[in-house]
Amino acid sequence: MHYCRAMKITNPLLSIALLLAPVLAVQAAGDPEAGKSKSAACAGCHGPDGNSPSAEFPKIAGQHASYIEKQLKDYKEGRRENAIMLGMVAGLSPQDMADLAAYYAAQTATASPADQKLALGGKALHWGGDTHKDIAACMACHGPDARGNPMAKFPTLRGQHAAYTEKTLKAFRAGERNNDLNEMMRRVAGKMSDKDIAAVAAYYSGLGAGTPAPGTPGDQAAAGPAEEEAAKEATAKPPAAASKSGDEVIKTACAACHATGAAGAPKLGDTAAWEPRAAKGLDTLLHNSITGIGAMPPRGGHMNLSDDEVRKAVVVMLERAGLNP
Ligand code: HEC
Ligand code: HEC
Ligand code: HEC
């Protein structure tokens, strides 16, 4: 097992998996060239470059390799149920999956036509969520520009056919799709109306590859006049509102990850997880919460929070872990 020694193994679970099933070690890297030749079997439905021509089949062009591999494994091992895809993955080895994932990740998603009126509401939900219905802002996990987060296996949603996004959100809502770690998506989709779902689906379908504008709200690639308006509305919403308490900020903006430990977030109240963080000092923690750190987006993805609101939330997080801010 010379390849095991060559790999840097820091995750104890991974090292156990390697001991139990040495074959897993080979899946480390996918080869996009090999993936391309293997993708012939997929092209009929997903299109030659992963931009499926029919809305019956999801686009997988430009999707993160880590997310694609997870889905293929989930289909194969029964965590995600679909008769067609079950048949497709039956003969795939872990290496095949890694190669295919690398190939599709290197392709570029195209935008699909979108209902602009619906997309407006979708953009608002993406950016700000819905505080009345307790729906988290999608951008907290899927990123401001909906490009997802490969480290956390949060998928990009850009350019996806509206019909597929609707179908899969309804499946999460009904619990029929339940392969989301810690019920992250079921919690969100469970609170969405059909109209909410149609709105976000329209919004994402209109987003093409574009160029990201880091740190800026709005999406230049897809922005029509209507979209600009929605972006302004969504991001400029609460400045007039009174400053939120630390508990309120946590509930609306931070709990999505910190309540469950999603993506490696230190869990609320977990002293052991917070101790090494607290050792950095409040100023550093605050700075990192504002600029983002690892899989955590700036301000937890809630750009409308003031520095002071983020600070109050960090202080409460430390207090809940029994630490002295
Ligand atoms: C006969 C049509 C068909 C073929 C061929 C096919 N797929 Fe699919 N694929 C689908 C359908 C339908 C879905 C959506 C299933 C669902 O709702 O879970 C899907 C879903 C997926 C997803 C999940 C996408 C997401 O956004 O979560 C991935 C990844 C995928 N397919 C990869 C592949 C690969 C790789 C191949 C070739 C080995 C392949 N598919 C062949 C029909 C097909
Ligand atoms: C707490 C993090 C989190 C939040 C907030 C969140 N998502 Fe997700 N989302 C995920 C994860 C994780 C997955 C992938 C689940 C899996 O592994 O299959 C996902 C998957 C999806 C998918 C399926 C993509 C595909 O290709 O099949 C859609 C669509 C989606 N999210 C839409 C949304 C929308 C719309 C919102 C806001 C209303 C939202 N998400 C908020 C974490 C989140
Ligand atoms: C999308 C998930 C997500 C959301 C939403 C989120 N966090 Fe985090 N947070 C993380 C992750 C993941 C880490 C660990 C990052 C790392 O160390 O690589 C983290 C780490 C932190 C840390 C420790 C930083 C450090 O330097 O060690 C603080 C403080 C923190 N988050 C505060 C917040 C606050 C306050 C909010 C809400 C305004 C919030 N987070 C929202 C995922 C999230």
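## Around ligand 1

A residue counts as near a molecule if its C-beta atom, placed from the backbone, lies within 6 Å of it. With that in mind, here's ligand 1 in this predicted model: 18 residues surround it, and C42, C45, Q71, N82 and M88 come nearest.

Which helices build this shell? At least two residues each come from α4 (40-46), α5 (65-76) and α6 (83-89). The biggest giver is α4, with five residues. As for chemistry, the shell is made up of 12 nonpolar residues, five polar ones and one charged one.

## The largest core

Now for the packing. The largest nonpolar core has 51 residues, and the members touching the most others are V200, A201, A202, Y203, Y204 and A313. Quite a few helices chip in two or more residues: α8 (116-128), α9 (139-142), α10 (162-174), α11 (184-189), α12 (194-205), α14 (246-258) and α17 (307-320). Of these, α12 makes the largest contribution, eight residues.

Why does this core lie between domain 2 and domain 3? Both domain 2 (116-236) and domain 3 (243-320) give residues to the core, so it sits between the two.

## A closer look at A201

A201 is one of the core members that touch the most others. Skip its neighbours within four places in sequence, and A201 is still in contact with A162, T165 and E166.

## A second core

There's also a separate core, this one of 17 residues. Among its members are Y75, L100, A102 and Y104.

Definitions and conventions. Residues are numbered from 1 along each chain as its sequence is written. Chains are lettered from A and ligands numbered from 1 in the order in which they are written. This is a predicted model: local features need pLDDT of at least 70, side-chain atom pairs count only at pLDDT 80 or more; totals for chains, interfaces and linings use all residues. A nonpolar core is a set of buried Ala, Val, Leu, Ile, Met, Phe, Trp, Tyr and Cys residues joined through C-beta atoms within 7 Å. A residue is buried if 20 or more other C-beta atoms lie within 10 Å of its own, exposed if 12 or fewer, and partly exposed in between; C-beta atoms are placed from the backbone. Helices (H or I, at least four residues) and strands (E, at least two) are DSSP runs, numbered from the N terminus. Domain bounds come from an automatic or database domain assignment. Two residues are in contact if their C-beta atoms, placed from the backbone, lie within 7 Å. Ala, Val, Leu, Ile, Met, Phe, Trp, Tyr, Cys and Pro count as nonpolar, Asp, Glu, Lys and Arg as charged, and the others, Gly among them, as polar.
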